[in-house]
Amino acid sequence: MTEHIIDPSIIAAENARLSTDLRNDYDSLGERLDRRGIAIDAIKEKVANFSVAVPSWGVGTGGTRFARFPGKGEPRDIFDKIEDCAVIAQLTRATRTVSLHIPWDKADPNRLKQAASRFNLGFDAMNSNTFSDAKGQIQSYKFGSLSAYDKATRDQAIEHNLECIEIGKTIGSKALTVWIGDGSNFPGQVNFTSQFEHYLDSMKSIHAALPDDWRLYTEHKMYEPAFYSTVVQDWGTNYLIAKELGDKAFCLVDLGHHAPNVNIEMIVARLAQFGKLGGFHFNDSKYGDDDLDAGSIDPFRLFLVFNELVDAESRDADFHPAHMLDQSHNVTDPIESLMLSAADVQRAYAQALLVDRNSLVAAQNANDALAAALELRKAFRTDVEPILAMARLEQGGAIDPLAAYRAAGYRAKVAEIRPEIAAGSSGIV
Ligand code: LRH
Ligand code: MN
Ligand code: MN
């Protein structure tokens, strides 16, 4: 039986306060959608089946790249983090899995599995970390990891990824995400070609070690921590990697990893068209890899990304990219932010489902640019909150997850048992 961290009677009391209004809002939205030829229950069904993975590191200590400003009741270890993730899942019903980062979350895999299964949580992609040095590691990644000139360093980085796969096998993960910080800070510091050659060779060994039913996601990022050149800097290089490696290799798109104003939805369409779109790290950004809450800066862009995903889904029923959040915070309670991000990702999906694809195609074929644009705007401007809230309610979640979370006083409760973490300096990313 699934254990609940938040007392279900608190959620029930909160829902009782809001359910009459929700029912009215849902019915009235249903009527309006009906006039557009859309069955609200079918949209709700799809929303209810949608899940986005929570990153274990997202519930952890908040801070900036320069300093840590821990809040009260921060998780002490991965087991506390799993409990925080369980709270998010219980209230939102939109986050059925957790994505682990090794070695940050290293623990006995059987214990990890048990801890998650108490709350009926599964594990999404494993994330390896060769962008920082772990305690006691022999070779340093200061000058690169999977692409380093030094073979012993590359071998160690490969070995670490193989270990991530091993842990993942025990806990039921089906994917490995590889992001490296390798690159250079000065023109001339590295040879682009040999560095990429090393990277590809290393990744081939990792790809070869994957179980048959696993996927390998490679994540591109324009810059940081390397500031002159980065080995996996954009979707083009990422696509080359996925092609070079083979059938289990796919590209992962982290929304914050592009230059400002880049047309990410078009990248999504291209990767989907050529069968190499593996999944997402959802977050939002104003300048760079800001890791802000999904949908908090540019919700229209998030919608446009989902518009491409729904379009791709309509062409290929087997199209199931992985959905993960990747954010970390400085000024909010991370559980609150992650709950809102999960809902915002769902919202973008629901809005994209409202696009009248036939009318859109007709407008496109008639070169009626305005009609096509309005078709998208009509969907984006529809307030789908009643659909999301009803999907949560019917699955035992909270109509208003934030209000229920605050009413439950979870953070204050865990602050009593989790010791305060000292503020301090923070590593990059
Ligand atoms: C790199 C990144 C990558 C890491 C995570 C901590 O910027 O997006 O996904 O694993 O941050
Ligand atoms: Mn990421
Ligand atoms: Mn990032």
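I began with a crossover in this predicted model: strand 11, helix 9 (residues 299–315) and strand 12 form a β-α-β unit, and the unit is right-handed.

I then looked up how the two strands of that unit are paired. Strand 11 (residues 277–282) and strand 12 run parallel and are joined by four bridges. For the register, I noted that His 281 is placed opposite Met 324 of strand 12.

Next I examined the side chains of strand 12 (residues 322–325). I found Ala 322 and Met 324 pointing one way, with His 323 and Leu 325 pointing the other way. Such alternation between the two faces of the sheet is what a regular strand shows in general. I recorded Ala 322, His 323, Met 324 and Leu 325 as all buried.

I turned to another sheet. I recorded an open sheet of three strands, in the order 1-2-4 and with parallel pairing. Its edge strands are strand 1 (54–55) and strand 4 (122–123), each of which pairs on one side only. Between strand 2 (residues 97–99) and strand 4 I noted two bridges, the strands running parallel. Here Thr 97 stands opposite Gly 122 of strand 4.

Last, I checked a loop residue, Asn 263, which lies between strand 10 (249–254) and helix 8 (264–273). Is Asn 263 buried or exposed? I entered Asn 263 as exposed, because 12 other C-beta atoms lie within 10 Å and the limit for exposed is 12 or fewer. I also looked up its separation from Leu 304: Asn 263 and Leu 304 are 41 residues apart in sequence, and their C-alpha atoms are 9.7 Å apart in space.

Definitions and conventions: Residues are numbered from 1 along each chain as its sequence is written. Chains are lettered from A and ligands numbered from 1 in the order in which they are written. This is a predicted model: local features need pLDDT of at least 70, side-chain atom pairs count only at pLDDT 80 or more; totals for chains, interfaces and linings use all residues. A residue is buried if 20 or more other C-beta atoms lie within 10 Å of its own, exposed if 12 or fewer, and partly exposed in between; C-beta atoms are placed from the backbone. Two strands pair if DSSP finds at least two bridges between them. A crossover is right-handed if, with the strands pointing away from the viewer, the path from the first strand over the helix to the second runs clockwise.
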